[in-house]
Amino acid sequence: MRRAMAVFVTRRIPAEGMRVLSEAAGCRLQQWDSEEPVPRRELLAGVAGKQGLLCLLSDRIDAEVLDAAGPSLKVISTMSVGFDHLALDEIKKRGIRVGYTPDVLTDATAELSVALLLATCRRLPEAVAEVKTGGWTTWKPLWMCGYGLSGSTVGIIGLGRIGQAVARRLKPFGVKNFLYTGSQPKPENAAEFQAEFVPLTKLAQESDFIVVTCALTPNTQGMCDKNFFSRMKKTSVFINTSRGAVVNQEDLYDALVSGQIAAAGLDVTTPEPLPTDHPLLKLRNCVILPHIGSATYATRSTMAVLAADNLLAGLRGEPMPHELLL
């Protein structure tokens, strides 16, 4: 870095990431030092005249932000694997490079997906509540019964890094068949699980468990809707750890209330956070988590370091460890 590079960091991030930036020669740091998201006004002011921006998935980086930054902005590094919060067309138009953090959160997100699936299909939150509220009176043959993975068919929507990691963890539970769907067949990804590429409708009809791990794109937005849920088995369980907007939540609510599907587990919603009076939160057969897919100490620390490394490499005109090619 030949000359001082001014950088704006939109949130308090794990110390390891900040250390990488603060120890970099010629890097002038400004940070919104809070656990809470940067207010819009502060974001627009903070990014002005900066060469680099390190942001989170809760920061909407659109034309307004890019205009506020001005022509000096050369690199945006997001501490996330998703990038639907970035106005990529505008960013590309201005020749700005983008770094992101795939791979490093795959294992943590896959673990959480399996945990959420098990918690949902075996009714763990409901069972815990029964113990605490006196609902546990005696052993009853059908009380708190759920659905098991052994001998089941699992459908995975989006057999990318995280989808494969989920399948790899579910296989030892005795899953009989894996189905998957996506924009195209991925035989090299599917071979390990003998997973069959099928249309979305067939995946809905034949799966006992459906796990959504795809990216949010114009094609996947609202994909899991009334038509989709109406094709699912009444005993099937739906899990989403991708992005909330892939699901039509009103249609999901109707499917859960009417008994069209057995249960759902969501780590992502629209909006985030979900209002505490949202109808889905009143359902016993819906388990909702606050977007904690990558929330292990090690993973978040690694994400912060990678986001910092991406940013510095971009500012130095070097190849980034993980660049989003626009």
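I'll start with a pocket, the second largest one, which is lined by P125, E126, A129, L280, L281, L283, R284, C286, V287 and I288. Before going further, note that this is a predicted model.

The volume of that second largest pocket comes to about 220 Å³. Which elements each supply at least two residues of its lining? They are α6, residues 124–133, and β12, residues 286–288. By residue class, the lining has 8 nonpolar residues, 2 charged ones and no polar ones.

Now the sheet. Here 6 strands make up an open sheet with mixed pairing, and the order is β2-β1-β3-β4-β5-β13. The edges are taken by β2, residues 27–31, and β13, residues 323–324; each has a single partner strand, so one side of each is left without a neighbour in the sheet.

Staying with the β2 edge, its pairing with β1, residues 5–9, is parallel and runs over 5 bridges. If you want a position to look at there, V7 stands opposite L29 in β2.

Next, the helices on this sheet. Where does α1 lie? Helix α1, residues 15–22, lies across β1, β2 and β3, the last of these being residues 52–55. Its direction is at about 140 degrees to β2.

Helix α12, residues 297–315, also has a place on the sheet: α12 lies across β1, β2, β3, β4 and β5. In that list, β4 is residues 75–78 and β5 is residues 97–99. Relative to β4, helix α12 runs at about 170 degrees.

That covers the pocket, the sheet and two helices.

Terms used: Residues are numbered from 1 along each chain as its sequence is written. This is a predicted model: local features need pLDDT of at least 70, side-chain atom pairs count only at pLDDT 80 or more; totals for chains, interfaces and linings use all residues. Side-chain values use heavy atoms; hydrogens and water are left out. On a 1 Å grid over the protein atoms alone, a cavity is a set of points where a 1.4 Å probe fits but cannot get out, and a pocket is an open set with protein on both sides within 12 Å along at least five of seven lines; lining residues have an atom within 4 Å of a point. Grid points are joined across faces, edges and corners, and a volume is the space filled by probe spheres set on the points. Helices (H or I, at least four residues) and strands (E, at least two) are DSSP runs, numbered from the N terminus. Ala, Val, Leu, Ile, Met, Phe, Trp, Tyr, Cys and Pro count as nonpolar, Asp, Glu, Lys and Arg as charged, and the others, Gly among them, as polar. Two strands pair if DSSP finds at least two bridges between them. Contact means heavy atoms within 4.5 Å. Axes are lines fitted to C-alpha atoms, for helices over the stretch in contact, and angles run from 0 to 180 degrees between N-to-C directions.
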